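Morning, everyone. I will go through one structure and the ligand in it. Please look at the screen.

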Amino acid sequence: MSSKKRIFSGVQPSGNLHIGNYLGAIANWVKLQDSYESIFCVVDMHAITVPQDPEILRKKSIEIAKIYLAAGIDPKKSLIFIQSQVSEHAELMWILNTIAKMSELEKMTQFKDKSQKEGKEGAAVGLFDYPVLMAADILLYDTQVVPVGEDQKQHVELARDLAKRFNNKFGDTFIVPEVHIKKEGMRVMGLDNPEKKMSKSAESIYNRIELLDDAEMIRKKIRKAVTDSGSEIIYRDDKPALKNLINIYSSFSGKTPKEIEAMFVGKGYGDFKSELAEVIIAFLESFQARYNALSDKEVMKILNKGADKVRPIARKKLDEVKTKIGFIV
Ligand code: AQP
């Protein structure tokens, strides 16, 4: 291992990526890749914990990798690969399943949210087990730091607990990873409901600004975004919808919430929303130009190379784990 600490993270190809995924996770990875040995994964095995159309899933997996690259992940500095192409993830998950507890998984808010539709009894076992697969992803690479959005903190905590439990039982094997959440990388909330995070799987497209939305769509979505009572542009906890919009403005413009409040003194929601839309459009236009310049073929080449590089790291760790638990390797 190099002297740099290692980071690992990923996004599911489960829908259209949005500015929450970018601000909460990918933008942070771009910064961190200079100071960490970085591995970024397209977590398609996580995506199938809810139903996926096979053709769309294949397309989306390449799309996510293109988004990583367009956002600034540099394949010369970071490894990018598709999770299902490295089967060690599934093997380690099985072993970790034997030390994870039902009670731990039952506490996971993501499972509670995502199983709401069909109810706990109808939810797939894979959806319940999602955090154990995520722990396997992280622990397989001796990951020291896991940069994720705030919503994933609970899952990284489980990875830490499983690493410690395994080490206690079988001797030092896993590094106990730290979670890294960008300070200003708040949870981006839904435009249609500031009580819930912006999400790929939210039913309404007015919940999120997608990274590949065009300018007109962005203007429309921001116009329709819910706001709080009153008309002043103020950044306060009791105005969660406005606070969320100001946070988004702040992230894309580099201005602080205080500066934004000052810019809009005497102006109303209409002025604020039109400027917010233009700030997002300015950022996404250059991002989309980089995205459109990438071909599927060159992206697949980067992904295959990434898988070839990570496989030996994963294999070595898995063999160590198998030996420790009494398997014949
Ligand atoms: N709203 C958000 N604000 C900040 N960060 C977010 N992330 C997701 N939503 C927000 C971060 O994006 C990374 C990738 O997420 P994921 O695809 O692994 O799954 P997720 O967290 O479940 O994201 P979504 O968009 O809500 O997808 P669906 O609807 O498919 O489940 C993670 O680091 C996450 O923290």
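A definition first: helices (H or I, at least four residues) and strands (E, at least two) are DSSP runs, numbered from the N terminus. This is a predicted model, where local features need pLDDT of at least 70, side-chain atom pairs count only at pLDDT 80 or more, and totals for chains, interfaces and linings use all residues. Residues are numbered from 1 along each chain as its sequence is written, and side-chain values use heavy atoms, with hydrogens and water left out.

Now the ligand. It is surrounded by 24 residues, where a residue counts if one of its heavy atoms lies within 4 Å of the molecule. The closest are Lys 114, Asp 151, Ser 199, Lys 200 and Ser 201. By class, this shell has seven nonpolar, 12 polar and five charged residues. Here Ala, Val, Leu, Ile, Met, Phe, Trp, Tyr, Cys and Pro are nonpolar, Asp, Glu, Lys and Arg are charged, and the others, Gly among them, are polar.

Next, polar contacts, meaning here pairs of N or O atoms within 3.5 Å. Asp 151 has a polar side-chain atom 2.5 Å from an oxygen atom of the ligand. For Ser 199, a side-chain N or O atom is 2.6 Å from a ligand oxygen. The protein covers 98% of the 640 Å² of accessible area that the ligand has on its own, by the Shrake-Rupley method with a 1.4 Å probe.

Which elements give two or more residues to the shell? They are strand 1 (6–11), helix 1 (19–32) and helix 6 (109–114). Helix 1 gives the most, with four residues.

Definitions and conventions:
A polar contact is a pair of N or O atoms within 3.5 Å; within protein, one must be able to donate a hydrogen and the other to accept it, and residues adjacent in sequence count only if both atoms are side-chain atoms.
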